[in-house]
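Hi,

As promised, here is the structure we talked about. Have a look at it first, then read on for what I found.

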Amino acid sequence: MITDGLPYRQLGDLRRGGIVCVADHASNVVPEGIELGIPAELLGEHIAVDIGVEGIAGRLARRHNIPGHLACVSRLVCDIHREEDHKNVVPMESDGHLIPGNIGADVEARLKLYYRPYHDALAKWLDEQKPQLIISLHSFTPKLSTSDEERPWECALLYNEDDRAARHAIRLFSELGLTVGDNEPYSGKELNATMNRHAEAHGRPYIALEVRQDLISTRAEQSRWAAMIADVAGRVALALE
């Protein structure tokens, strides 16, 4: 939900110098007054929300002392994990599905209501937290509707120019017996907007982690992955010292 009119919420206590979690696609909420013109069931699909991420982020905050900054609006309303001038910051199509309500939408109004408040608050929060490591948490679909290609990775690490934390995380997740993607199923060279802005631009180490959504659809799976992510992130932070 959107609380107090804010397109984000923050979980956990201020913990300077620790590990934090950022989840740009944690919600499928469509605010009142916006009509996307799509079947309601699509709001439960990957085009609207990163399935499983909200549950993991909540567990990281409650059980592993890793506070979180989470979006409270669907990526179909405004995709916070894009540059402000990106053509898909208010998407008119996603994975073969037309989003008719976004055709001719007032993009500037959505940036003002959702995008800028989210990023302004995130910038302030990170300045206060002074994190040792940022986890940018996402999930991906095992297969796109527009493709027959299966995605075999159980998780993946994305990065643009700064891969110092990603390299450790790839190794550590692999040592757990997982099939780990290296800038898969898409490249952080192209899709890394939030971490480019809030991590790489400030020299902050980060792991941009993608988990396959069919592995984190239940509470038990989310708890298991939260524990793994917390463990790996802690060891990455130590390796970077």
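Below are my notes, going from the whole chain down to single residues.

**The whole thing**

Keep in mind that this is a predicted model. The secondary structure adds up to five helices and nine strands, and along the sequence they come in the order β-β-α-β-β-β-α-β-β-α-β-α-β-α. The protein is as compact as a globular protein of its length, because its radius of gyration is 17 Å and the globule rule gives 18 Å for 241 residues. If you want a feel for the dimensions, the C-alpha atoms fill a box of roughly 50 × 40 × 35 Å along the principal axes.

Of the 241 residues, 53% count as buried. Contacts across long stretches of sequence are a big part of the picture: taking contacts with a separation of 6 or more, 80% are between residues 24 or more positions apart. On the outside, the protein exposes about 10,800 Å², with carbon and sulfur atoms supplying 48% of that area. As for charge, there are 26 positive and 37 negative side chains, and the centres of the two sets lie 6 Å apart.

**Two helices to look at**

Start with α3, residues 164-175. Its 12 residues should span 16 Å at 1.5 Å a residue, and the end C-alpha atoms are 18 Å apart, so the two values agree. Which residues of α3 are buried? They are Ala165, Ala166, Ala169, Ile170, Leu172 and Phe173. The cover over them includes the strands β6 (133-140), β7 (155-158), β8 (180-182) and β9 (206-212), along with helix α5 (219-240). Just after α3 you will find Gly177, which takes a positive phi of about 90 degrees.

Now α5, which has 22 residues. The expected span is 32 Å and the end C-alpha atoms are 31 Å apart, so here too expectation and model agree. The buried residues of α5 are Gln222, Trp225, Ala226, Met228, Ile229, Ala230, Val232, Ala233, Val236 and Ala237. They pack against β2 (19-23), α1 (53-64), β6, β7, α3 and β9.

**Backbone oddities**

The loop between β8 and α4 (193-198) is worth zooming in on. Pro185 lies in this loop, and a cis peptide bond joins Glu184 to Pro185, with omega about 0 degrees. Asn183 is found in the loop between β8 and α4 as well. Its phi is near 55 degrees, a positive value in a residue other than glycine. Is Asn183 buried or exposed? Its relative accessibility is 12%, so Asn183 counts as buried, the cut-off being under 20%.

Lys130 also has a positive phi without being a glycine, with a value near 45 degrees. You will find Lys130 in the loop between α2 (107-129) and β6. Lys130 has a relative accessible area of 55%, so it is exposed, since that label applies over 50%.

**Three residues and their contacts**

For these I leave out neighbours up to four places away in sequence.

- Arg82 sits in the loop between β3 (68-71) and β4 (93-94). With 13% relative accessibility, Arg82 counts as buried. It touches Arg75, Asn88, Val89, Tyr115, Leu191 and Ala193.
- Glu128 belongs to helix α2. At 34% relative accessibility, Glu128 counts as partly exposed. Its contacts are Leu14 and Arg16. The C-alpha atoms of Glu128 and Gly17 are 9.4 Å apart, although 111 residues separate the two along the chain.
- His138 is part of strand β6. With a relative accessibility of 4%, His138 counts as buried. It is in contact with Asp24, His25, Asp50, Val53, His81, Leu209, Glu210 and Val211. Asp24 and His138 are 114 residues apart along the chain, yet their C-alpha atoms are separated by 7.7 Å.

If you only have a few minutes, I would begin with His138 in β6 and then move to the cis peptide bond between Glu184 and Pro185.

Cheers

Definitions and conventions: Residues numbered from 1 in each chain as written. Predicted model: local features only at pLDDT ≥ 70, side-chain atom pairs only at ≥ 80, totals over all residues. Heavy atoms only, no water. Helix = DSSP H or I, 4+ residues; strand = E, 2+ residues; numbered from the N terminus. Rg over C-alpha atoms; globule rule 2.2 N^0.38 Å. Buried < 20%, exposed > 50% of the residue type's maximum accessible area, 1.4 Å probe, protein only. Contact = heavy atoms within 4.5 Å. Areas by Shrake-Rupley, 256 points an atom, 1.4 Å probe, with all protein chains shown as cover. Lys, Arg positive; Asp, Glu negative; His and termini not counted. Charge placed at Lys NZ, Arg CZ, Asp CG, Glu CD. Expected span 1.5 Å × (residues − 1).
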